[in-house]
Amino acid sequence: MVALRGSGPLKLGGTMNVSIAGAESNVAIGLARLGHEVRWAGAVGEDEAGQLVLRTLRAEGVEVSGASTDAGAPTGLLLFEPRLPEVTRVHYYRAGSAGSRLTAEAIERAFSAAPPRVLHLTGITPSLSPTAHSAARRALQLARRHASLTCLDVNFRARLWTAEEAATVLREWIPSVDVLIASDDELPLCLPEGTGREEKDREEKDQKGTGREGKDQEGTGGGSTGADSTAGHGTGRESTGGDRAGGKGTSGDRTGGDGTSGDGPGEDGPGGDGPGEDGTSGGQAAATPTPLAAQAKLLLDLGVGEVVVKLGADGATAFTDDGCRYHQPAKSVRPVDAVGAGDAFVAGYLSALLDGEGPAGRLERAVTTGAFAVASHGDWEGAPTRPELGMLGAPPGTVVR
């Protein structure tokens with residue numbers, strides 16, 4: 001989409017900055033900046049706005065041969081309205097847009113050109129229209145046929161569909177997902193019917209009993225992209241990507257930024273010798289699984305390879321199918337703009353995955369890239385390059401010459 005960012009309440013007028021945005025394109029750009037080969041497959045209008053989208057992606061090193069232009073529909077529009085220092089309202093104008101008319105045939109063409117090593121999808125695309133839903137569903141089928149790893153970022157948007165509608169689609173997709181990324185409040189949307197509410201009730205009961213609001217008992221608080229992955233409203237090669245990642249002290253789409261720094265990810269799984277980052281001893285963390293861990297286990301039992309939960313100010317936790325749990329605290333940065341941090345988190349996670357890093361290394365890079373986004377204005381503009389990843393460890397006032 002084309003993104004217009006206002007300087008204040010829209011009803012008062014004023015100036016607006018013009019850019020582009022979109023969860024999958026944000027992930028694609030983040031991966032390209034980290035040196036991965038990425039392709040974005042989607043649809044834009046045959047208009048100047050569509051040319052801006054494609055031109056920006058090409059300029060950022062994202063391959064767009066899988067994108068199509070639609071002469072019968074405009075490019076989608078997104079308006080950002082800063083309302084309070086840490087509250088931004090987002091207005092979507094996507095009904096009838098080219099992106100909402102993405103077809104399964106377009107995805108098939110993208111896959112036939114070059115099947116991706118990793119396919120990245122979000123829960124936004126199927127919410128746009130029946131045809132966009134079919135396109136995303138076809139991408140899942142083709143990924144399985146070509147043995148592509150599939151990453152799904154739930155990215156639930158209440159303005160686009162209801163929780164019930166989202167849950168119906170996500171539950172169908174779960175058996176085809178290798179890497180599931182969600183915030184803790186999105187995870188129940190993916191659980192088998194009849195379990196989500198029960199787990200939520202358990203969590204609320206446990207919180208009342210421990211007096212620890214907003215944290216589980218572990219102490220942790222449209223389209224497709226390909227890049228050797230595929231991202232965006234389409235497909236790509238070498239990548240896998242919302243909005244609750246990377247740091248602490250920020251608001252918005254529950255993304256992190258200004259979080260506590262950590263010495264390293266904790267691991268809590270079979271055979272662990274030392275204490276995990278969550279303060280529990282090695283081996284199994286507790287005799288009784290926490291609600292979050294129980295939810296993750298349900299999803300792992302359904303065939304998901306790993307479940308990555310974004311916890312905002314509390315960092316992120318990953319659960320893997322070998323029974324291990326990893327936690328990475330958020331990075332400490334001065335928050336500027338929380339929008340897009342979740343997508344940056346996904347880009348970092350997939351980048352490390354493509355580099356062959358284990359879950360701990362993936363989380364470390366993910367919270368780092370998420371923190372970069374929180375510390376910068378814009379959806380994708382602050383995404384770091386690979387040489388910049390180490391800058392977060394520099395002391396305040398550092399000048400890089």
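**Exercise 1. Asn155 and Ala147**

In which loop is Asn155 found? Then describe its backbone and its burial, and do the same for Ala147.

Solution. The model is a predicted one.
Step 1: Asn155 sits in the loop between E9 and H6.
Step 2: Its phi is positive, about 45 degrees, although Asn155 is not a glycine. Most residues other than glycine have a negative phi.
Step 3: Asn155 has a relative accessible area of 1% and is therefore buried, the cut-off for that class being under 20%.
Step 4: Ala147 belongs to the loop between H5 and strand E9 (149–153). Ala147 also has a positive phi, about 60 degrees, and is not a glycine.
Step 5: The relative accessibility of Ala147 is 69%, so Ala147 counts as exposed; that class begins over 50%.

**Exercise 2. Helices H5 and H6**

Describe how H5 and H6 are arranged, and list the residues through which they meet.

Solution.
Step 1: H5 covers residues 130–145 and H6 covers residues 163–173. Their axes come within 11 Å and cross at roughly 15 degrees.
Step 2: Because of this angle, H5 is roughly parallel to H6, as angles under 35 degrees are classed that way.
Step 3: The crossing of H5 past H6 is right-handed.
Step 4: From H5 come His133, Ala136, Arg137 and Leu140, which meet Val169, Glu172 and Trp173 of H6. Sorted by class, this contact has 4 nonpolar, 1 polar and 2 charged residues.

**Exercise 3. Contacts of Thr103 with a stretch later in the chain**

Where does Thr103 lie, and which residues beyond its sequence neighbours does it contact?

Solution.
Step 1: Thr103 lies in the loop between strand E7 (87–93) and H3.
Step 2: With neighbours within four places in sequence left aside, Thr103 is in contact with Thr131 and Ala135.
Step 3: The C-alpha atoms of Thr103 and Ser134 are separated by 7.0 Å, while the two residues are 31 residues apart along the chain.
Step 4: Thr103 has 30% relative accessibility and so counts as partly exposed.

**Exercise 4. Salt bridges**

How many salt bridges does the structure hold? Work through three pairs and one network.

Solution.
Step 1: The structure holds 12 salt bridges.
Step 2: One of the pairs is Arg33 with Glu60, whose closest N and O atoms are 2.9 Å apart. Arg33 is in helix H1 (residues 23–33), and Glu60 is in the loop between helix H2 (48–59) and strand E5 (68–70); the pair links distant parts of the chain, 27 residues apart. Glu60 is partly exposed, at 21% relative accessibility.
Step 3: Glu108 and Arg138 form another salt bridge, with 2.8 Å between the closest N and O atoms. Glu108 lies in helix H3 (residues 104–113) and Arg138 in helix H5, so this salt bridge ties together parts 30 residues apart in sequence. Glu108 counts as partly exposed at 31% relative accessibility, whereas Arg138 is buried with a relative accessible area of 19%.
Step 4: Lys297 and Asp301 meet through their side chains at 3.0 Å, N to O. Because they are 4 residues apart in helix H8 (residues 291–301), about one helical turn separates them. Asp301 is exposed, with a relative accessible area of 56%.
Step 5: Asp355, Arg365 and Arg386 are linked in a network of salt bridges.

**Exercise 5. Helices H9 and H10, and the residue Ala375**

At what angle do H9 and H10 pack, and which residues does Ala375 contact?

Solution.
Step 1: Helix H9 (residues 341–354) and helix H10 (residues 359–374) pack at about 145 degrees, with axes 7 Å apart. Their crossing is right-handed.
Step 2: The contact includes Phe345, Gly348 and Tyr349 of H9, and Leu363, Ala366 and Val367 among the residues of H10. By class, the residues of this contact are 12 nonpolar, 5 polar and 2 charged. Arg365, a member of the salt-bridge network, is one of the H10 residues in the contact.
Step 3: Ala375 is in the segment after H10. Apart from neighbours within four places in sequence, Ala375 is in contact with Val333, Arg334 and Val336.
Step 4: Between Ala375 and Val333 the C-alpha distance is 6.3 Å, and they are 42 residues apart in sequence.
Step 5: Ala375 has 35% relative accessibility and therefore counts as partly exposed.

Terms used
Residues numbered from 1 in each chain as written. Predicted model: local features only at pLDDT ≥ 70, side-chain atom pairs only at ≥ 80, totals over all residues. Heavy atoms only, no water. Axes fitted to C-alpha atoms, helices over the stretch in contact; angles between N-to-C directions. Helix = DSSP H or I, 4+ residues; strand = E, 2+ residues; numbered from the N terminus. Parallel < 35°, antiparallel > 145°, perpendicular 65-115°, else oblique. Left-handed = near helix turned anticlockwise from the far one by under 90°. Contact = heavy atoms within 4.5 Å. Nonpolar A, V, L, I, M, F, W, Y, C, P; charged D, E, K, R; others polar. Salt bridge = Lys/Arg side-chain N within 4 Å of Asp/Glu carboxyl O. Buried < 20%, exposed > 50% of the residue type's maximum accessible area, 1.4 Å probe, protein only.
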